[in-house]
Amino acid sequence: MSRRGWLLFLIMCFIWGIPYLMIKVAVESVSVPVLIFVRTAVGAAVLLPLALRGGQLAGLVRYWRPLLAFATIEIILPWWLLSDAERRVSSSMAALVIAAAPIIAVVAARIIGDGDGDRLTAARWAGLVLGFAGVVVLVGPDLRGGDPWAIVELLLTACGYATAPLLAARRLKDVPSLPMTAVCLTIAALVYTPAAALNWPQVMPPGRVLAALAGLALICTALAFVVFFALIREVGPTRSVIFTYINPVVAVLAGVVVLSESVTPGMLIASALILGGSVTAAGRRRSPEDEVTDDLQRGLVPGVHDQEVGDRTRPPGRQAVADAPGQADE
């Protein structure tokens with residue numbers, strides 16, 4: 001990876017690791033609809049001109065149904081569930097639960113038959129078992145005596161992040177990433193406009209809340225996608241999403257340092273199981289060069305053997321957009 005690639009990689013590790021912290025701060029003083037409206041509206045305002053300048057919005061009308069569906073299960077519903085859950089659980093807990101999204105994506109892909117011939121090897125099955133064990137260790141205490149609904153909201157958020165990429169891969173694969181993201185953010189902003197207007201703060205929120213809202217909108221949404229597109233161009237879609245395994249670590253550290261959140265031994269064990277399981281279950285994507293090598297070793301004519309594409313899973317924000325429309329996300 002080039003020096004520029006490493007720089008973009010490190011930026012993405014940070015940018016998509018801190019939204020949980022900022023959401024936790026923002027929900028102290030503003031309602032969930034206001035938070036999401038500000039984040040999506042500002043993000044759309046930044047990305048739409050870029051899409052218009054490149055003339056990339058033309059022809060998207062025929063994709064309005066899958067775009068609406070993608071916006072719903074990737075942004076509109078998950079961002080509500082996540083923000084509402086963080087009113088009652090720590091940002092560290094939220095990040096670790098949602099880190100299970102790649103594991104859920106592997107299972108979802110098998111259920112709907114979107115594995116593209118990719119086999120679940122013994123190692124990948126072990127990854128699934130490890131990951132789910134980590135989720136059980138992590139959420140068990142809250143399900144027994146904490147806030148079960150907040151945990152359910154986080155798990156539903158992870159399901160949305162896991163399944164939206166499958167929809168994008170099937171129905172939006174010909175849509176460029178930048179206009180798709182801009183349009184989906186615009187749709188979400190329009191959906192939340194009435195609720196945000198009804199719940200608009202009567203007094204100016206504290207400075208730290210305003211800073212969190214600005215950070216979510218400008219850094220974690222608008223800038224994040226611009227940097228992510230640049231990272232994809234620099235290192236390719238497969239390597240560009242490796243940072244999603246580091247985001248939960250950044251989120252936990254941010255929660256501990258900034259908000260003085262406590263991290264229990266159970267959370268540390270669960271995070272190791274979830275992250276290790278995610279990496280193992282996701283497996284390694286095979287490139288065309290791998291297939292050619294295999295064919296040569298078997299004495300076959302290159303191109304006759306079916307190409308393994310690997311699973312199409314992506315964690316909160318977001319590898320969804322990388323492979324599917326050509327991605328970016330949360």
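Begin by selecting helix α9 (residues 177–198) together with α10, which pack at an angle of about 165 degrees with their axes 11 Å apart. Because angles over 145 degrees count as roughly antiparallel, α9 is roughly antiparallel to α10. The crossing of these two helices, α9 and α10, is right-handed. To display the contact itself, show the side chains of Ser177, Leu178, Thr181 and Leu185 in α9, and those of Thr221, Phe225 and Phe229 in α10. The residues of this contact divide into four nonpolar, three polar and no charged. Keep in mind throughout the tour that this is a predicted model.

Next, hide α9 and select helix α6 (residues 101–111) with helix α8 (residues 148–171), whose axes come within 8 Å and cross at roughly 55 degrees. α6 and α8 are therefore oblique to each other, and their crossing is right-handed. On the α6 side, the residues to show are Ala101, Ile104, Ala105, Ala108 and Ala109, and they meet Leu155, Ala158, Cys159, Tyr161, Ala162, Thr163 and Leu166 of α8. The contact of α6 with α8 comprises 11 nonpolar residues, one polar residue and no charged one.

Stay on helix α8 and select Thr157, which is found there. Is Thr157 buried or exposed? At 0% relative accessibility, Thr157 counts as buried. If neighbours within four places in sequence are left aside, the residues in contact with Thr157 are Pro78, Leu81, Leu82 and Ile98.

Now select Leu154 and expand the selection to its contacts, again not counting residues up to four places away in sequence: Leu154 touches Leu82, Ala85, Val89, Met93, Ala94, Val97 and Ile98. Leu154 also leads into the largest nonpolar core, which has 91 residues and in which Leu35, Leu67, Phe70, Leu82, Leu138, Leu154 and Leu172 touch the most other members. Which helix gives this core its largest share? That share, 14 residues, comes from helix α10 (residues 207–235).

From the core, move to helix α2 (residues 19–26) and select Ala26, which lies in it. With a relative accessibility of 0%, Ala26 counts as buried. Leaving aside neighbours within four places in sequence, Ala26 is in contact with Leu35, Val209, Ala212 and Leu213. Draw a C-alpha to C-alpha distance between Ala26 and Leu213 to see a pair that is 187 residues apart in sequence and 6.3 Å apart in space.

Widen the selection to the whole of α2, which is mostly covered, with eight of its eight residues buried. These buried residues are Pro19, Tyr20, Leu21, Met22, Ile23, Lys24, Val25 and Ala26. To see what covers them, show the surrounding helices, among them α1 (3–15), α3 (32–53), α4 (64–85), α5 (91–98), α10 and α12 (247–259).

Finish at Ser260, which lies in the loop between α12 and α13 (265–282). Ser260 counts as exposed, at 62% relative accessibility. What should one look for in its backbone? Ser260 has a positive phi of about 55 degrees although it is not a glycine. For context, most residues other than glycine have a negative phi.

Notes: Residues are numbered from 1 along each chain as its sequence is written. This is a predicted model: local features need pLDDT of at least 70, side-chain atom pairs count only at pLDDT 80 or more; totals for chains, interfaces and linings use all residues. Side-chain values use heavy atoms; hydrogens and water are left out. Axes are lines fitted to C-alpha atoms, for helices over the stretch in contact, and angles run from 0 to 180 degrees between N-to-C directions. Helices (H or I, at least four residues) and strands (E, at least two) are DSSP runs, numbered from the N terminus. Angles under 35 degrees count as roughly parallel, over 145 as roughly antiparallel, 65 to 115 as roughly perpendicular and the rest as oblique. A crossing is left-handed if the near helix is turned anticlockwise from the far one by less than a right angle, and right-handed if clockwise. Contact means heavy atoms within 4.5 Å. Ala, Val, Leu, Ile, Met, Phe, Trp, Tyr, Cys and Pro count as nonpolar, Asp, Glu, Lys and Arg as charged, and the others, Gly among them, as polar. A nonpolar core is a set of buried Ala, Val, Leu, Ile, Met, Phe, Trp, Tyr and Cys residues joined through side-chain atoms within 4.5 Å. Buried means under 20% relative accessible area, exposed over 50%, partly exposed in between (1.4 Å probe, protein chains only).
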